[in-house]
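Thanks for coming. I will go through one structure this morning, starting with the overall layout and then moving to single residues.

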Amino acid sequence: MITNIYKLASRYWQVFFIGAWGTLWISLVVVLFGTLLGGLLALGKMSKKKFVTVPVNFYIEIVRGTPILLQLYFFSYGISKIVPFALSEVTWIILALICNSSAYVAETIRSGIGAVDKGQFEAAKSLGLSNKNMMSKIILPQAIKNILPALGNEFVMMIKETSLASIFFIPSLMTAESIVSGRSGLKLESLIIVGLVYLMLTFPLSKLVQYYERKFAKND
């Protein structure tokens, strides 16, 4: 088996590399835009206006309460057929992943802001700061230490969740595995190689997140 693994890695390394690159750039794009959308959702959820909080809460509950695979199918075979414009399959899958990520990031940001001592809010108000200045200059800088490690974990999770995109033959590590195992007939060996690549991607990131978690805890 070890010999077969070595032969596969040597012969199809470019396929695995392309798959790894696809997994990384999709994950990065999803977490970046998922964080931006999640930030807006978090602010909406903390709003005191019901016409804002009700649809935001509904959106978050729907996304968090349904499987990500169902959401991928919904975007790929549902929304894509309704809208009056055409997007590539990759774009629809990325949009679905962004929507999924944003709901979880929204809760992360909301809890990070909620963890800031209430005295900070009161102090900001006593200084006459507007809500915008209070959030940008006082609350968010303190909440960042609670949010960043969680966002790092979200990136690690997204690297693994992109494996579901292989169902739609989107460039990813699992798609690379399907290609290689189909050509070579060596399914187990292909899975082992992809598993090792996933570990090479996620292990350093996980350790980096843990490092910053300890650093922030020590600063506290």
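Which pattern does the protein chain follow when read along the sequence? The answer is α-α-α-α-α-α-α-α-α. Put as a count, that is nine helices and zero strands. Please keep in mind that this is a predicted model.

Some overall values next. The C-alpha trace spans about 70 × 50 × 25 Å along its principal axes. The protein chain has 220 residues, and 39% of them count as buried. Its accessible surface comes to about 12,900 Å², and carbon and sulfur atoms hold 67% of that area. On contacts, take those with a separation of 6 or more: residues 24 or more positions apart account for 76% of them. As for charge, there are 21 positive and 11 negative charges, and the mean positions of the two sets are 4 Å apart.

Now the aromatic rings. How many aromatic pairs does the count come to? It comes to six. One of them is formed by tyrosine 77 and phenylalanine 168, whose ring centres are 6.0 Å apart. Their planes meet at 40 degrees, so this pair is tilted; the tilted class covers what is left between under 30 degrees, which is stacked, and over 60, which is edge-to-face. Where do the two residues sit? Tyrosine 77 is in helix 4, residues 68-82, while phenylalanine 168 is in the loop between helix 7 (131-161) and helix 8 (173-184). The pair therefore ties together parts that are 91 residues apart in sequence. Phenylalanine 168 has 8% relative accessibility and counts as buried, because the cut-off for buried is under 20%. Ring pairs also link Phe74, Phe75, Phe85 and Trp92 into a cluster.

The next residue in that loop makes a contrast. Phenylalanine 169 is also placed between helix 7 and helix 8. Is phenylalanine 169 buried or exposed? At 55% relative accessibility, phenylalanine 169 counts as exposed, since exposed means over 50%. Its backbone is worth a look too: phi of phenylalanine 169 is near 60 degrees, a positive value in a residue other than glycine.

Back to helix 4, where serine 76 is found. Serine 76 has a relative accessible area of 3% and is buried. Which side chain does the side chain of serine 76 join in a polar contact of 2.5 Å? The partner is glutamate 89. Leaving out residues up to four places away in sequence, serine 76 touches Lys81, Glu89, Ile93 and Phe168. So Phe168, which we met in the tilted pair with tyrosine 77, turns up again in the list for serine 76.

A second serine, further along. Serine 190 belongs to helix 9, which runs over residues 187-219. With 0% relative accessibility, serine 190 counts as buried. Which residues is serine 190 in contact with, leaving aside its neighbours within four places in sequence? They are Leu8, Phe16, Glu177, Val180, Ser181 and Ser184.

Then helix 3, residues 50-65, which holds isoleucine 60. Isoleucine 60 is buried, and its relative accessible area is 0%. Not counting residues up to four places away, isoleucine 60 touches Lys45, Ala103, Ala106 and Glu107. For a sense of distance, isoleucine 60 and glycine 19 are 41 residues apart in sequence, and 30 Å separate them in space, C-alpha to C-alpha.

Valine 54 lies in helix 3 as well. Unlike isoleucine 60, which is buried, valine 54 is exposed, with a relative accessible area of 52%. From valine 54 to isoleucine 79 there are 25 residues in sequence and 23 Å in space, C-alpha to C-alpha.

The last residue is leucine 28, in helix 2, residues 13-45. Is leucine 28 buried or exposed? Its relative accessibility is 53%, and leucine 28 therefore counts as exposed. Leucine 28 and tyrosine 59 are 31 residues apart in sequence, and their C-alpha atoms are 23 Å apart in space.

That is all I have on this one.

Note on methods: Residues are numbered from 1 along each chain as its sequence is written. This is a predicted model: local features need pLDDT of at least 70, side-chain atom pairs count only at pLDDT 80 or more; totals for chains, interfaces and linings use all residues. Side-chain values use heavy atoms; hydrogens and water are left out. Helices (H or I, at least four residues) and strands (E, at least two) are DSSP runs, numbered from the N terminus. Buried means under 20% relative accessible area, exposed over 50%, partly exposed in between (1.4 Å probe, protein chains only). Contact means heavy atoms within 4.5 Å. Accessible areas come from the Shrake-Rupley method with a 1.4 Å probe; for residues, only the protein chains shown count as cover. Lys and Arg count as positive and Asp and Glu as negative; His and the chain ends are not counted. The place of a charge is taken as NZ of Lys, CZ of Arg, CG of Asp or CD of Glu. Rings of Phe, Tyr and Trp (its six-membered ring) pair if their centres lie within 6.5 Å; planes under 30 degrees apart count as stacked, over 60 as edge-to-face and the rest as tilted. A polar contact is a pair of N or O atoms within 3.5 Å; within protein, one must be able to donate a hydrogen and the other to accept it, and residues adjacent in sequence count only if both atoms are side-chain atoms.
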